[in-house]
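Colleague: I should be grateful for a close look at one part of this model. Please take the core and whatever packs around it, and explain the arrangement step by step.

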Amino acid sequence: MSGSSWPRAVFERIHTVSSDPWGVGSRPYERDKYRHTLTLLAGRRFHHALELGCSIGVMTARLARQCDHLLAVDVAEAALAQARRRCAGLEGVTFYRGQLPDDFPDLPAASCDLIIISELLYFLSRADIARLATHCLRVRQAEAPIVLVNWTGPTDTPCDGNEAARHFIATCLAAGLQVTYARHHAHYRLDMLGHVAKADYQ
């Protein structure tokens with residue numbers, strides 16, 4: 001396992017070899033993960049949401065129903081090309097290609113009322129996870145939730161899913177946020193950070 005963040009070229013190659021390398025459009029794991037994530041956000045409407053690690057846009061298309069504006073970010077242009085086609089016709093959805101955390105989108109401070117980071121953190125080094133958390137904290141509105149979704153099975157990435165979540169959460173806790181939801185499912189964990197007084201651990 002390398003400790004360095006995976007470069008863009010890896011993801012471009014993965015998406016060139018397969019149009020859906022992780023089966024995000026077909027695997028029961030992905031359907032279950034999306035369902036639980038959206039259930040966590042049910043009944044809420046977001047004005048400016050930020051999705052980091054949108055891949056081919058499956059979650060983006062579902063999340064867009066609850067958002068006036070949704071900026072979806074991925075490192076691979078090959079993935080974004082599919083995401084744009086999938087979300088064509090959905091109002092308020094825009095895409096941005098960038099290697100995080102260095103190419104974090106140039107957003108105003110306190111401009112996002114939802115941030116979702118799905119299946120991205122464990123591809124980053126520990127230092128880059130902390131830097132990404134700092135960027136997110138800057139653009140997050142005071143009451144905005146940050147939702148983390150991480151695969152917790154075996155991996156050859158710089159961190160495993162649990163380590164990656166812990167590093168991100170640690171930076172947020174140091175900034176005064178709290179864990180408002182945390183649940184471990186069979187193969188992934190779902191965490192939400194915010195300012196609710198009582199944490200909901202399950």
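Modeller: The model is a predicted one, and the largest nonpolar core is a suitable place to begin. This core holds 69 residues, and those that touch the most other members are Leu50, Leu52, Ile117, Leu132, Ile146 and Phe168. Consider Leu50 in detail. Leaving out residues up to four places away in sequence, Leu50 touches Leu70, Leu71, Val73, Phe104, Pro105, Leu107, Cys112, Leu114, Ile115, Ile116 and Val139.

Val139 leads us to helix H5, which runs over residues 126-139. Helix H5 has 14 residues and spans 21 Å from its first C-alpha to its last, close to the 20 Å expected at 1.5 Å a residue. Its buried residues are Asp128, Ile129, Leu132, Ala133, Cys136 and Val139. Viewed down the axis of H5, these buried residues fall within an arc of 145 degrees, so they line one face of the helix. In general, an α-helix has 3.6 residues a turn, so residues three or four places apart point the same way. The buried residues of H5 pack against strands S1 (46-52), S4 (114-118) and S5 (146-151), and against helix H6 (161-174).

A residue of another helix deserves attention as well. Lys33 belongs to helix H2, residues 28-40. Lys33 is buried, because its relative accessible area is 2%, which is under the 20% limit. The Lys33 side chain makes polar contacts with the side chains of Glu30, at 2.5 Å, and Glu119, at 3.0 Å. Setting aside neighbours within four places in sequence, Lys33 is in contact with Ser118, Glu119, Val149 and Tyr188.

Technical notes:
Residues are numbered from 1 along each chain as its sequence is written. This is a predicted model: local features need pLDDT of at least 70, side-chain atom pairs count only at pLDDT 80 or more; totals for chains, interfaces and linings use all residues. Side-chain values use heavy atoms; hydrogens and water are left out. Helices (H or I, at least four residues) and strands (E, at least two) are DSSP runs, numbered from the N terminus. Buried means under 20% relative accessible area, exposed over 50%, partly exposed in between (1.4 Å probe, protein chains only). A polar contact is a pair of N or O atoms within 3.5 Å; within protein, one must be able to donate a hydrogen and the other to accept it, and residues adjacent in sequence count only if both atoms are side-chain atoms. Contact means heavy atoms within 4.5 Å. A nonpolar core is a set of buried Ala, Val, Leu, Ile, Met, Phe, Trp, Tyr and Cys residues joined through side-chain atoms within 4.5 Å. The expected span of a helix is 1.5 Å times one less than its number of residues. The arc is that of the directions from the helix axis to the C-beta atoms.
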